[in-house]
Each structure stands twice: as structure tokens, then as C-alpha cells.
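Hi everyone, thanks for making time for this. Please bring up the structure on your screens, and I'll walk you through a few parts of it.

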Amino acid sequence: MVKIGKFTLEKPYILAPLSGVSDLPFRLVSREAGCAFAFTEMISGRSLCYKSNEAQIILKSCAADQPLGIQLLTHEPDIIARAIDCLAGYKFDILDLNAACPVKKVIRSGAGSGLMRQPDKLKELLTSMVARSTVPVTVKIRAGWDSSSINAVEIAKLAQDCGVAAVSVHGRTRKQGYSGAVDYDIIAKVKKSLTIPVIASGDILSGRLTKRMFDETGCDVVMVARGATGNPWIFKEIEEFCRTGILPERPALEVVAGIMERHLGMNVELYGEARGVLHFRKFFGWYTKGFSRVRPLRMRAFLAKTKQEMDGFIGEFRSSGCEHMASIQG
Ligand SMILES: Cc1cc2nc3c(=O)[nH]c(=O)nc-3n(C[C@H](O)[C@H](O)[C@H](O)COP(=O)(O)O)c2cc1C
């Protein structure tokens, strides 16, 4: 158990915020497969204040979707208090600020990882969040802007001084985006410099890589991101591997197809048929990754427009007899 302010995290493996991915259906299938805490994808402070449709969808939750963290994206101190007030009717346990997003459009405004280069602005944002929020506040940062400006330790200490309850560190720079080596050393340094919990992110793709992250950094919690796409069972794998050193069996085709059907159904319920099926196409690719001879089917599924068509492709996958290829686990 890890204490994050007044909130107690039951297990040290959580689902990361993933824009365009970690919506309610994705969180529910992850929870069903063993995830004990999940973040929403990032939500812009302005769209929250304007109560945009997109914001309402991102915030869509339910009783089974608990405990939950909400992640805010903003560079505007005067928006923060209003955005937090707009969350008054929602049930969640942690409020996170995104200081890690590398996307050009985001950093151009000074938000996301742009905040790593504006410590004063970040301090102002976090101070008002901590003052206003009724739940513990956390912040997600990167190793630094680029390899010549690694400042995660300074930024993490600043955050701790502002009163945040935990810091998440993605061990890559803004310049690296989502590829290249994860800097375990910088996460270890952040951990040594703080008294609050440190949540590590970067290449948490298997039980083995999770153990490596714990061992090499001393982090308190790991955050599963791309490792959970199409593989919600990773949470069980992490738990078992960290406990026993043995990798569990991969789920059978039948189990994967069953989760796909439920995921598709929830997508259609949340977004309506056209958007729900479109959104599910990438999940079809992720769920079927690692199975042999599935490529032609995947190409056809990428063109599906209706639930009936997509259900048909899932059915074909189920009866295909495709097998897991040699281990893709890291
Ligand atoms: C498609 C995608 C969307 C992401 N969206 C967010 C986001 O909304 N907020 C955030 O803090 N990080 C976001 N991230 C970063 C992840 O949370 C995570 O830190 C990163 O992918 C590194 O972990 P991994 O190497 O295990 O995937 C996103 C990453 C990806 C690939």
C-alpha cells in the first residue's frame, strides 16, 4: 500500500493517463483484468471550464471505475481554480497536473512539458491547485526538456515544496517523445531527493521491465501506459512476476476475444456506433498483436464501420485458431 496524501493506493501498479486511449471503456477492461487505479486521459483546463462535449466524454465514469485520478492540462493559473470548481460533481481521488506532454501544439502554449522550462509558472499552478483541491494533487513530469537540460530533480523538489502528494516521472526527455532509452538513473535521483512517493513511467511493458524499474530506481509505484494497450492482463503479469519471478501464461484466444467484444460494446455505448467502431479499430490491432497469421484479418478490421462488422471480425479472430507467437514479453 502506498499513501498519496490522504489517499491509499492498494497496489503499486497504476494505469497511466493516455490521450485518445484511457477512456471509460479502456479503464473498465483494465480494471477487470487487475488494474487497481487508473487516470483519465489529460483534459484541458479550458475545455473543462467551457464544459465541452469532449470534456464530458473524458470525464465519463461509473461506480466500477474507482478509484480514479483526473489529469489536467493547462498553463493558465487563472483557469486552474475554475477548472477545479467544475469538477465539484465528479468522484475522483487524485488530481494530476500534466507537465510532461511533448506535443508541439501543447508546448507552444507553454503547457505540458513546456512547464519544465517555466518553474515559476509551474510553482504558481501547483500552489493554486493544492490550495483549491479537496483531493491530493500530483504532477507528471519528464526527465527534462532535452539531454542538455535534465532538471527532473529540481522540478520534483519544487513540486514537493508546493505541497503535491506524489510526483510521476517519465524517464525520457521532451525531445525523445515516446522513443529511445528510458533514463532509470534520473528517476532514481528524483526518488532519493523526495520524501513523497515517486511514480515511475517509461517502458513498463512487461513484468520483467517493471521489476527492473523498481530495482533500479527504488520508485514507489509504476505507471503502465503502452504496455496496457491490447494487454490489460499486464497488471496480473506484473503482480505475479514481482511476487514469484515467474511469468503467467498469456490469455487464451477465447479470453482475448471476449474482452474485445465487451470493449467494443462499451465503446459504442459511450461514443455511438460510428465513432465507437472507428475508435475501436486501433484496439483491434493492439489486442491481436503477437498472434500469428492475423495480419490480413487486421487489415480488414481497420475498415469496419458498423458494430456488426467489427463483431464479425472479432468472431473470425476467435475461430481462427491463431496462436501467440514466441514471447514478446520484454
Ligand atoms: C498515445 C499516448 C497518449 C498519451 N497521453 C498522455 C496523457 O494524456 N497524459 C500524460 O501525462 N501522458 C500521456 N502519455 C504518456 C504516458 O502516460 C507514458 O508516460 C509514456 O507513454 C511512457 O510510458 P511507456 O513507455 O510505458 O508507454 C501518452 C502516451 C501515449 C503513447
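Let's begin with strand 5, where both faces are covered: Leu68, Ile70 and Leu72 lie on one side, Gly69, Gln71 and Leu73 on the other, and all of them are buried. A quick reminder on why I list them as two alternating sets: in a regular strand the side chains alternate between the two faces of the sheet. Before going further, please keep in mind that this is a predicted model. Strand 5 covers residues 68-73, and six of its six residues are buried.

So who are the neighbours? On one hand there is strand 4, residues 38-44, which runs parallel to strand 5 and is joined to it by five bridges. If you want one pair to click on, take Met42, whose bridge partner in strand 5 is Gln71. Then there is strand 6, residues 94-98, also running parallel to strand 5, with four bridges joining the two. Here the pair to look at is Leu72, which stands opposite Leu97 in strand 6. To get from strand 5 to strand 6, the chain passes through helix 4, residues 77-86, and this β-α-β crossover is right-handed.

Keep Met42 highlighted for a moment, please. Which residues come nearest to the ligand? Out of 23 residues around the ligand, they are Ala16, Ser19, Met42, Ala225 and Arg226. So Met42 turns up twice in this talk, as the bridge partner of Gln71 and among the residues that come nearest to the ligand. For those of you thinking about the chemistry of that shell, by class there are 11 nonpolar, eight polar and four charged residues.

Now over to strand 10, residues 221-224. Both of its faces are covered too: Val221 and Met223 are on one side, Val222 and Val224 on the other, and each of these is buried. Strand 10 pairs in the parallel sense with strand 3, residues 13-15, over three bridges. In that pairing, Tyr13 stands opposite Val222. Strand 10 also pairs with strand 9, residues 198-201, again in the parallel sense and over three bridges. There, Ser201 has Met223 as its bridge partner. Strand 9, helix 9 and strand 10 together make a right-handed β-α-β unit, with helix 9 taking up residues 207-217.

Let me zoom in on one residue of helix 9, Met213. Is Met213 buried or exposed? With 24 other C-beta atoms within 10 Å, Met213 is buried, because the cut-off for that is 20 or more. Leaving aside residues up to four places away in sequence, Met213 touches Tyr184, Ala200, Ile204, Cys219 and Val222. Val222 is the residue that Tyr13 stands opposite. For a sense of scale, pick Met213 and Arg46: they are 167 residues apart along the chain, and their C-alpha atoms are separated by 35 Å.

Finally, zoom out to the whole protein. The secondary structure comes to 14 helices and 10 strands. The radius of gyration is 20 Å, close to the 20 Å that the globule rule gives for 330 residues, so the protein is as compact as a globular protein of that length. Along its principal axes, the C-alpha trace spans about 55 × 45 × 35 Å. Buried residues make up 44% of the 330. And of the contacts with a separation of 6 or more, 67% come from residues 24 or more positions apart.

That's my tour, and I'm happy to take questions.

Terms used. Residues are numbered from 1 along each chain as its sequence is written. This is a predicted model: local features need pLDDT of at least 70, side-chain atom pairs count only at pLDDT 80 or more; totals for chains, interfaces and linings use all residues. A residue is buried if 20 or more other C-beta atoms lie within 10 Å of its own, exposed if 12 or fewer, and partly exposed in between; C-beta atoms are placed from the backbone. Two strands pair if DSSP finds at least two bridges between them. A crossover is right-handed if, with the strands pointing away from the viewer, the path from the first strand over the helix to the second runs clockwise. A residue is near a molecule or strand if its C-beta atom, placed from the backbone, lies within 6 Å of it. Ala, Val, Leu, Ile, Met, Phe, Trp, Tyr, Cys and Pro count as nonpolar, Asp, Glu, Lys and Arg as charged, and the others, Gly among them, as polar. The radius of gyration is taken over C-alpha atoms; the globule rule is 2.2 Å times the number of residues to the power 0.38. Two residues are in contact if their C-beta atoms, placed from the backbone, lie within 7 Å.
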